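Thank you all for coming this morning. I would like to walk you through one structure slowly, and please stop me whenever a term is unclear.

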Amino acid sequence: MSPSAALKATAVVPGVGYAPAVWARPRPALPQEGTPIPGGDVDAEIERFRTATTAVSERLAARANRAEGSAAEVLLATSKLTLDRGWHRAAVKKIKGGESADAATMSAIEKFVEMFKAAGGVMAERTTDLEDIRDRVIAELRGEEEPGLPAVAAPSVLLADDLSPADTATLDPDLFVAMVTALGGPTSHTAIIARQLGVPCVVAAGAGLRDIASGAMTLVDGASGTVTVDPDPEVAAAAVAEAARMADKIAAWEGPGRTADGDRVQLLANVGDGNAARIAAQGAAEGIGLFRTELCFLSAATEPTVENQADIYATVLKAFPEQKIVLRTLDAGSDKPLAFANLEHEDNPALGVRGLRISRSNSGLMERQLDAIALAGTKAGRDPEAPTWVMAPMVATLEEAEWFAGLCRERGLTPGAMIEIPAAALMSHDLMKVLDFVSIGTNDLTQYAMAADRLSPHLAYLTDPWQPAVLRLIDMTCRSGRDSGTPVGVCGEAAADPLLACVLVGLGVNSLSAAATALSGVGAQLAEVTSEQCAAAARAALNASDADGARAAVREVLGLA
Ligand code: PEP
Ligand code: MG
C-alpha cells in the first residue's frame, strides 16, 4: 500500500493505536475433499482424530482458566464445541468411509457451518467459531503451528482476515494496541470482545487490508474506522495524544450523564439477561434502556410459560429496583429467529414477519408476554413508582401502536415503541398521540432507510447511522417528541458513539442506551460540550451530504478537527 494511504472500514471500538502491523498466523491450507486415509488404517485414523481434538480442546480450556469474564466464557465454549458429539459423529462416519481425519474434519464442520448459516443472523456470525475449530484441529493433525495470534514482543497493530473469538479473547491489550479485520461485522463475537477489552477495533476493511505488509507503521482510528499506513509521524503522535487525553477523561468521569452546561441526558444500558443487568448496575448505567427479551429464548423450542418468562424478566428488574427499565417485547425474526414464534421459512426475513408482526398470527403471544412483564414487577418486588416501560419492536403503523398501547394500559404498563422503520419516523407525530415514549433503534432504522443489510460486511458504508438521511429521520422524530412532550431515546449502536451522541443530544434525544462498557466514553464526551454546541453539531450533521462529511463537520464544530 502506498505511504499515507487510508483504508475506510467499519468503526467498532473507539480509540487510537499506532504501531508496526503484524499479521495473524494464517489458517492451514484445507485438504482436498474426500482425501483418503494415508495407509488406510481406519482405527488408527479415528484415534488420531480423537487425540487431535482432545489436544485442541484442552489447550483452549487451559487458556480459559487463565482468562476472566466473557473471554473465559468464549474459550470454554469453544473448548466444549471442539469435542461436540454432533460434529464428531459426522467426522467419524466420514473416516469410517475411508476419508483422512483432516478431510473428515473439514466436511463435518462444513455441514454444521451450512446449518448455522441457514439459521441466519446471530447464528450465522457464530460460524467463525466452527471454522476456527476446524483450522486448529487440521493444524494439530498435521503438526503445524496453531493458527491465530502471532507471538510479539513489542506493541503492534494486529491485522487478520478474520479473528476467531478464541484468539480475540486472549489478546493482550498491552501488546496489541489496535486490531483490524478484513471481514467480520460490528456485531460479531470479535467486535464484542474487542469492545470489552477496550482495544481500538475496526472491522470489514475488505481485501485492501492485504496490501499492508507486516512491519508497516499503521495508525488505526477506532472511532472513524480509518486505517492509515505510514502516516505523518507528527499527525499520528497527535492522534495518539488526543486519544490518551480522552482515555484519562473517561477514567476520571463520574456520571450521571450531562452536558458541560448541566443538561441531563440519561445514560442507560442495553442488556439481554439478568447477568448483564447486574454488571451494568456496577458501572455508569442509570437504568436499562433496552432489555432485548427475545435473547432469553433463542434456544427455546416452545413458548415459555407466563410464570417462566416472569422469573427471567424479574432477574433484570431486580438489578435496578428503583430506576428506569425499558423492556422490549419479543423482537423475534430475521437475525434472531425464535422456533416458537417465527415462520419456518421466509425469502426475505428482514422484511418479513418479525418484531411485533409475529403476534398477528400467534394469538395471545403478546398478551402473555405483557402478563409476564407485569408479574415480573411483582416478583422482583419492584417499587411501584419506578418507571417500568414496555416498547414494541418494528412498529410501522398507527393501528399497531394503538393496539399495543391498549394492551399495555390494561395491565398498568407504560407503552412505547421502537422507531426503527422509516414509516414510524414519518408517522411519529401520530404515534405519539397514543404512546408515552419512543426509542429510536438506529441499527434497523439505518438498515431500512438505506436498504442495506445491517450484517453485510460489503455495505458498511451504507449501514452507517451518520448518513444524513438517517439523521433527518431522527430529527423528524425528535421534533414530534418536542411538540408533544414525549420522551425520545436512542437504543441502537449509534448511542455508543461519543461523537454521534453529541449530535443526537443536539437533535433533542433525552436518553441514550448502549452496551454498558460504552457509557463512560459517551458520558465523558458529553461532559465536554455544551447543549449549544450539541445543537450546532446537529445542524452541521443534518446539512452534510454524506456520512463522512457529517463526521468531519461535527469534529470541526466541536473543535476536534
Ligand atoms: C435497533 O434496531 O437499533 C435496535 C436497538 O434493535 P436490535 O439491534 O435488537 O434490532
Ligand atoms: Mg431493531
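Before I name any part, let me say that a helix here is a DSSP run of H or I with at least four residues, and that helices are numbered from the N terminus. Please also keep in mind that what you see is a predicted model.

With that in hand, we can place D135, which lies in helix α6, residues 127–142. Is D135 buried or exposed? Its relative accessibility is 2%, and because anything under 20% counts as buried, D135 is buried. Setting aside residues up to four places away in sequence, D135 touches R27, P28, L30 and P147.

Let us turn to the magnesium ion, ligand 2, whose protein donors are E420, through OE, and D444, through OD, at 2.0 to 2.1 Å from the ion. These two donors link distant parts of the chain, since E420 sits in the loop between β13 (414–419) and α15 (422–426), while D444 belongs to helix α17 (residues 442–450), 24 residues apart. E420 counts as buried at 1% relative accessibility, and D444 counts as buried at 3%.

Finally, the nonpolar core. The largest one holds 96 residues, and the members that touch the most others are L370, I474, V503 and L512. Helix α19 (residues 498–507) supplies the largest share of this core, with 8 residues. If we leave out neighbours within four places in sequence, V503 is in contact with W466, L471, A537, A538, A541 and V554. Another core lies apart from this one and has 31 residues, among them V56, A64, A71 and L75.

Note on methods: Residues are numbered from 1 along each chain as its sequence is written. Chains are lettered from A and ligands numbered from 1 in the order in which they are written. This is a predicted model: local features need pLDDT of at least 70, side-chain atom pairs count only at pLDDT 80 or more; totals for chains, interfaces and linings use all residues. Side-chain values use heavy atoms; hydrogens and water are left out. Donors are N, O and S atoms within 2.8 Å of the metal (3.2 Å for Na, K and Ca); water is not among the atoms, so sites may look incomplete. Buried means under 20% relative accessible area, exposed over 50%, partly exposed in between (1.4 Å probe, protein chains only). Contact means heavy atoms within 4.5 Å. A nonpolar core is a set of buried Ala, Val, Leu, Ile, Met, Phe, Trp, Tyr and Cys residues joined through side-chain atoms within 4.5 Å.
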